[in-house]
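Trainee: I would like a close look at a single part of this protein, the metal site, and at how the fold around it is put together. Could you take me through it in one go?

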Amino acid sequence: MSQNLLKYIRPNTLPTPFCPGCGHGILMGAILRAIDESSIEMKDMLFVSGIGCAAWIPSPHFAADTMHVTHGRPIAFATGAKLFNPKLKVMIISGDGDLASIGGNHLIHAARRNVELITICANNEIYGMTGGQVSSTTPLASVTSTTPQGNLEPPFDLCKLVEAAGASFVARYSVIQIMPLIKAIKKALSHQGFSFVEALTSCPVHYGRLNQLKSPFDHLQYLKERCISIDKAKKLTKDELKDKVLTGIFIDK
Ligand SMILES: Cc1ncc(C[n+]2csc(CCOP(=O)(O)OP(=O)(O)O)c2C)c(N)n1
Ligand code: SF4
Ligand SMILES: [Mg+2]
């Protein structure tokens, strides 16, 4: 982590507990850089996370007020905190399992209500912490510990889901698209209304290992090959887009 971001880290919390090569560390740096460049003070922020590896990004690491709450419920706790103190910038940082599987109901209703919360979903397309089980965002045919023959269930497109539910800022980038990812988080930080940033990230230990991605670098390469910008996608046929993931800012109103 670059030296100028260390001021945002609680003493004695580094190194992180993330496995070597885990994409969550890259996302953690991107979030702190976005905060740094937005000149928001940590004393004006509250970070809320649920349970999972991603949920460890803010807690215990961020030198700020943090709430590390029950699995699937960070949006509910965050909504309560925001209603109690509307001046707080409340940021939820959690995983695909936490926010979109067990916590899916809270996600769609916060989007529907357009509550002013910043939600960062660290989507590694698997339940990392508990041993690599299939999640609601695992791509079709991917091998997980609970789908050894390949996933048969179609994944959620989280951006389309929250857009349909009413979110007023929606963006997706992978951790390999670091500059646009930071920019999207900065925009979300100044947005009035419910903002959702999906950060596609990597779990080399479970997803990568089970899907023949031999190293953390191969996993990032895999994300890079799948991600395509909205503009580039316009030039491709439906067939060419079949295995691609659209990235960009989809909604900003
Ligand atoms: C009520 C409840 N159900 C299940 C669990 C077990 N559990 C803990 S974390 C987790 C999934 C985490 O996945 P995700 O949110 O995607 O985070 P990741 O570890 O992948 O970053 C599960 C199922 C739990 N702690 N509580
Ligand atoms: S299990 Fe996966 S998501 Fe969790 S820290 Fe390790 S690499 Fe990261
Ligand atoms: Mg996950």
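Mentor: What follows starts at the metal site and then works outward through the sheet, the helices and the overall fold.

Keep in mind that this is a predicted model. The magnesium ion (ligand 3) is coordinated by D96 through OD, N124 through OD1 and I126 through O, at 2.1 to 2.2 Å. Written along the chain, these donors have the spacing D-x27-N-x1-I. D96 belongs to helix α3 (residues 96–101), and N124 to the loop between β4 (118–123) and α5 (158–165); the two residues are 28 apart, so the pair links distant parts of the chain. D96 has a relative accessible area of 2% and therefore counts as buried. N124 is buried as well, because its relative accessible area is 5%, and the cut-off for that label is under 20%.

Next comes the sheet. The strands form an open sheet of 8, in the order β2-β1-β3-β4-β6-β5-β8-β7, with mixed pairing. At its edges stand β2 (65–68) and β7 (227–229); each has a single partner strand, so one side of each is left without a neighbour in the sheet. On average, neighbouring strands are turned by 20° against each other, direction ignored. As a general point, strands of a sheet pair through backbone hydrogen bonds, either parallel or antiparallel. One pair here, β1 (residues 45–49) with β3 (residues 89–95), is parallel and is joined over 4 bridges. Within this part of the sheet, L46 has V90 in β3 as its bridge partner.

Two helices can be placed against these strands. Helix α1 (residues 23–38) lies across β1, β3, β4 and β6 (195–200), and runs at about 160° to β4. Helix α6 (residues 178–189) lies across β1, β3, β4, β5 (169–174), β6 and β8 (245–252), and its angle to β5 is about 160°. In the protein there are 9 helices and 8 strands.

A further helix, α8 (residues 216–226), contains E225. This glutamate is exposed, because its relative accessible area is 51% and the label applies over 50%. E225 and V245 are 20 residues apart in sequence, while their C-alpha atoms are 9.2 Å apart in space.

The cysteines can be dealt with briefly. The count of disulfides is 0, with the limit for a sulfur pair set within 2.5 Å. For C121, the nearest cysteine sulfur is that of C159, 8.9 Å away, and C121 is in no disulfide. C121 is buried, with a relative accessible area of 1%. C19, at 38% relative accessibility, counts as partly exposed.

Last, the protein as a whole. Its 253 residues would give a compact globule a radius of gyration near 18 Å, and the protein has 17 Å, which agrees. The C-alpha trace spans about 45 × 40 × 30 Å along its principal axes. Of the 253 residues, 51% count as buried. Among contacts between residues at least 6 apart in sequence, 66% join residues at least 24 apart. At the metal site, D96 and N124 likewise bring together distant parts of the chain.

How values were computed: Residues numbered from 1 in each chain as written. Chains lettered and ligands numbered in written order. Predicted model: local features only at pLDDT ≥ 70, side-chain atom pairs only at ≥ 80, totals over all residues. Heavy atoms only, no water. Buried < 20%, exposed > 50% of the residue type's maximum accessible area, 1.4 Å probe, protein only. Donors = N, O, S within 2.8 Å, 3.2 Å for Na, K, Ca; no water. Pairing = 2+ DSSP bridges. Axes fitted to C-alpha atoms, helices over the stretch in contact; angles between N-to-C directions. Contact = heavy atoms within 4.5 Å. Rg over C-alpha atoms; globule rule 2.2 N^0.38 Å.
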